[in-house]
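Work through these exercises with the structure open beside you. Try each task before you read its solution.

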Amino acid sequence: MTTHTTALFPIALPLPDADGVYSFADDLARAHASHQALLDAAACDGDTMLVDVTAPYSGARYRVARRPGTGRPLLVLEPHHDDLVLSAAGTLLAQGRPLVVITVFTKSASAHRTVQATYPGEQEISALRAAEAHQSLLPFAHRHIQLGHADARPPYRAYDPALLDTVTTALEREIAMAGDGELIAPAAVTRHPDHLLVHEAARRLGCTRFWDDTAFWTTYGLGVDDRHLFHLRTGNTLAEELVDITDVVLDKLTLLHLHGSQLQPARAMYRPIRYAWTTAAPLHAETGDPARFAERFYRLETS
């Protein structure tokens, strides 16, 4: 297994095998444990910029550096509690901007089947997912708004246009109250109806920047099919841009561990990190450095 260390990052980052081995779970877990040990040592030395966070499902405790909350705020529209962290946490960690996060669908019965044995119903799972979101936002200067809608249940169907109108009106009100900021939302690469609805609402509200949401757990394996249909829907209207998250990728993994209700066992957390390595392929080509991890965004092309 190839490893890489950057000047800014003291931990050797594991890389997926160049011959096509798609899992680096053990290597990644060891790197993450070493990273946490360094943060623990820094905390013992009196570093006050570290935040203690706890994974609500597993009870595991972690540390992550507090982000300063400087620059123009980000006004983030997310369908569900974990979507932002899955797809864009690296960018948020790297930039450290203030956040206003508006989560639309916060009533949920969606959790990994092993989690449902302990959290059997919508009320319990919704509370667990809200607690996970609270922990994952602690490192940031943030405000979190929850709109309280129920998420779509399988078998999935097209969203109700009346619900789109209702959500758009609520989002418009919250955005106006939040004040100036850059609006970002999911690109709806996944075909999940909640993602499609929030994307369309964001378009109506003038959003021009969107994150790639194929890191969504249950559609991760359908990424090629989803992306093909995404391109059919969007044509040439969205320009792709990459954000290098190499120096914060292990902190992103920490935030992923806080959302354990959606993926078990914990070693499977490597999947979004593997996807970040695949996403960074153009950066590999530009720099000749294989140790790159990135997140993908799209910007609306305006004539």
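The exercises below concern a predicted model.

**Exercise 1. The sheet**

Task: Give the strand order of the open sheet of seven strands, and find which strands stand at the edges.

Solution:
- Step 1. Read off the order: β7-β6-β5-β8-β9-β11-β10. The pairing is mixed.
- Step 2. Look at the edges. β7 (142-150) and β10 each have a single partner strand, so one side of each is left without a neighbour in the sheet.
- Step 3. Add the twist. It averages 25° from one strand to the next.
- Step 4. Take one pair inside the order. β5 and β8 (residues 182-186) run parallel and are joined by three bridges. Leu74 stands opposite Glu182 in β8.
- Step 5. Place a helix. Helix α9 (residues 270-279) packs on the sheet and touches β10 and β11. The direction of α9 makes about 65° with that of β11.

**Exercise 2. A salt bridge between separate parts**

Task: Which parts of the chain does the pair Arg129 and Asp82 tie together?

Solution:
- Step 1. Check the pair. The side chains of Arg129 and Asp82 meet in a salt bridge, 3.0 Å from N to O. The cut-off for a salt bridge is 4 Å.
- Step 2. Locate both residues. Arg129 lies in helix α4 (residues 122-137), and Asp82 in the loop between β5 (74-78) and α2, so the salt bridge ties together parts that are 47 residues apart in sequence.
- Step 3. Check the surroundings. Arg129 and Asp82 are buried.

**Exercise 3. Buried or partly exposed?**

Task: Arg153 forms a salt bridge with Asp151. Is Arg153 buried or partly exposed? Is Asp151 buried or partly exposed?

Solution:
- Step 1. Recall the cut-off: buried means under 20% relative accessible area.
- Step 2. Arg153 has 38% relative accessibility, so Arg153 counts as partly exposed.
- Step 3. Asp151 has 7%, so Asp151 counts as buried.

**Exercise 4. A network**

Task: Which residues are linked with Arg299 in a network of salt bridges?

Solution:
- Step 1. Start with one pair. Arg299 forms a salt bridge with Glu241, with the closest N and O atoms 3.5 Å apart.
- Step 2. Locate them. Arg299 is in strand β11 (residues 294-300) and Glu241 in strand β10 (residues 238-244), so the pair ties together parts 58 residues apart in sequence.
- Step 3. Widen the view. The network links Arg97, Glu182, Arg209, Glu241 and Arg299.

**Exercise 5. The cores**

Task: Which helix gives the most to the largest nonpolar core?

Solution:
- Step 1. Find the core. The largest has 42 residues, and Leu250 and Phe293 have the most contacts inside it.
- Step 2. Helix α2 (residues 83-95) gives the most to this core, with seven residues.
- Step 3. Keep the second core apart. This separate core of 26 residues includes Ile102, Ala201, Ala202 and Cys207.

Methods:
Residues numbered from 1 in each chain as written. Predicted model: local features only at pLDDT ≥ 70, side-chain atom pairs only at ≥ 80, totals over all residues. Heavy atoms only, no water. Core = buried A, V, L, I, M, F, W, Y, C linked by side-chain atoms within 4.5 Å. Buried < 20%, exposed > 50% of the residue type's maximum accessible area, 1.4 Å probe, protein only. Helix = DSSP H or I, 4+ residues; strand = E, 2+ residues; numbered from the N terminus. Pairing = 2+ DSSP bridges. Axes fitted to C-alpha atoms, helices over the stretch in contact; angles between N-to-C directions. Contact = heavy atoms within 4.5 Å.
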